[in-house]
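Biologist: I'm new to reading protein models. Could you walk me through one, feature by feature?

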Amino acid sequence: MLWSLSPFGEAKVGIPFGMLKGLNIYLVFLLCFGANVLVFPMMLFFLDKINHYFLRWRFYKKSAIYVARKAKVGSGDKIKKYGFWGLMLFVMVPLPGTGVYAGSIATYLFKIEKKSAFLANVIGIFFSSLIVWVTTYLTMQGIAN
């Protein structure tokens with residue numbers, strides 16, 4: 001569950017980790033999905049309320065600008081063009097650099113309405129988690145080698 005809260009893998013790491021540890025596969029899915037959903041409100045709280053205090057520090061500011069540029073270049077046009085659907089698909093793809101952390105940053109940067117962005121993130125997280133869960137399960141069964 002902690003991997004699913006972490007920006008170092010989200011549910012893309014939490015689900016396989018839990019399943020490979022022999023935990024109940026359904027419980028692993030539910031807990032990792034739920035933990036990953038919690039990231040969105042935590043990130044928006046951080047970006048709305050705390051981020052401006054950290055921007056006073058040079059290292060943080062340089063890092064934040066770097067991340068913002070990467071987010072705008074990598075996904076900005078698609079998210080702006082397709083809105084809800086673009087954000088959902090961006091979060092849904094289980095690859096490094098996509099997911100709820102990037103989706104939260106995109107929501108903040110592009111000033112996307114928070115309720116629809118939350119729904120897009122939840123749907124994206126669900127399908128991303130489902131893809132990882134099914135792939136891990138099939139691999140463990142020797143089917144998806």
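Modeller: Let's go through confidence, core, surface and salt bridges in turn.

Biologist: Where do I start, and what is the average pLDDT of the chain?

Modeller: Start with confidence, since this is a predicted model. The chain has an average pLDDT of 87, and 96% of the residues score at least 70.

Biologist: Which elements have the lowest and the highest mean pLDDT?

Modeller: The lowest mean belongs to α1, at 80, and the highest to α6, at 95.

Biologist: Okay, now the inside. Which residues touch the most other members of the largest nonpolar core?

Modeller: A nonpolar core is a set of buried residues of certain kinds, joined through their side chains. Here the largest one has 31 residues, and Ile15 and Leu87 touch the most other members. The elements giving two or more residues to this core are α2 (11-20), α3 (25-54), α4 (58-92), α5 (100-109) and α6 (114-140). Of these, α3 gives the most, with eleven residues.

Biologist: Let me zoom in on Ile15. Which residues is it in contact with, leaving aside neighbours within four places in sequence?

Modeller: Setting those neighbours aside, Ile15 is in contact with Val28, Phe29, Cys32, Ser129, Val132 and Trp133.

Biologist: Ser129 caught my eye. Is Ser129 buried or exposed?

Modeller: Buried means under 20% relative accessible area. Ser129 has 2% relative accessibility, so it counts as buried. You'll find Ser129 in helix α6. Again leaving aside neighbours within four places, Ser129 is in contact with Ala11, Ile15, Phe29 and Phe33.

Biologist: And the outside? Which residues form a nonpolar patch on the surface?

Modeller: Look for Trp3, Phe8, Val13 and Phe17, which together have about 420 Å² of accessible area. Take Trp3, in helix α1 (residues 2-5). Partly exposed is the band between the cut-offs of 20% and 50%. Trp3 counts as partly exposed because its relative accessibility is 36%.

Biologist: Last one: how many salt bridges does the structure hold?

Modeller: For a salt bridge, you look for a side-chain nitrogen of Lys or Arg within 4 Å of a carboxyl oxygen of Asp or Glu. The structure holds one. Asp48 pairs with Lys114, and their closest N and O atoms are 2.8 Å apart. Asp48 sits in helix α3 and Lys114 in helix α6, so the pair ties together parts that are 66 residues apart in sequence.

Biologist: How exposed are the two partners, Asp48 and Lys114?

Modeller: Asp48 is partly exposed, with a relative accessible area of 31%. Lys114 is partly exposed too, at 43%.

Notes. Residues are numbered from 1 along each chain as its sequence is written. Side-chain values use heavy atoms; hydrogens and water are left out. A nonpolar core is a set of buried Ala, Val, Leu, Ile, Met, Phe, Trp, Tyr and Cys residues joined through side-chain atoms within 4.5 Å. Buried means under 20% relative accessible area, exposed over 50%, partly exposed in between (1.4 Å probe, protein chains only). Helices (H or I, at least four residues) and strands (E, at least two) are DSSP runs, numbered from the N terminus. Contact means heavy atoms within 4.5 Å. Patches are made of residues with over 30% relative accessible area and no salt bridge: like charges are joined within 9 Å, nonpolar side chains (Val, Leu, Ile, Met, Phe, Trp, Tyr) within 5 Å. Accessible areas come from the Shrake-Rupley method with a 1.4 Å probe; for residues, only the protein chains shown count as cover. pLDDT is the predictor's confidence in each residue, from 0 to 100.
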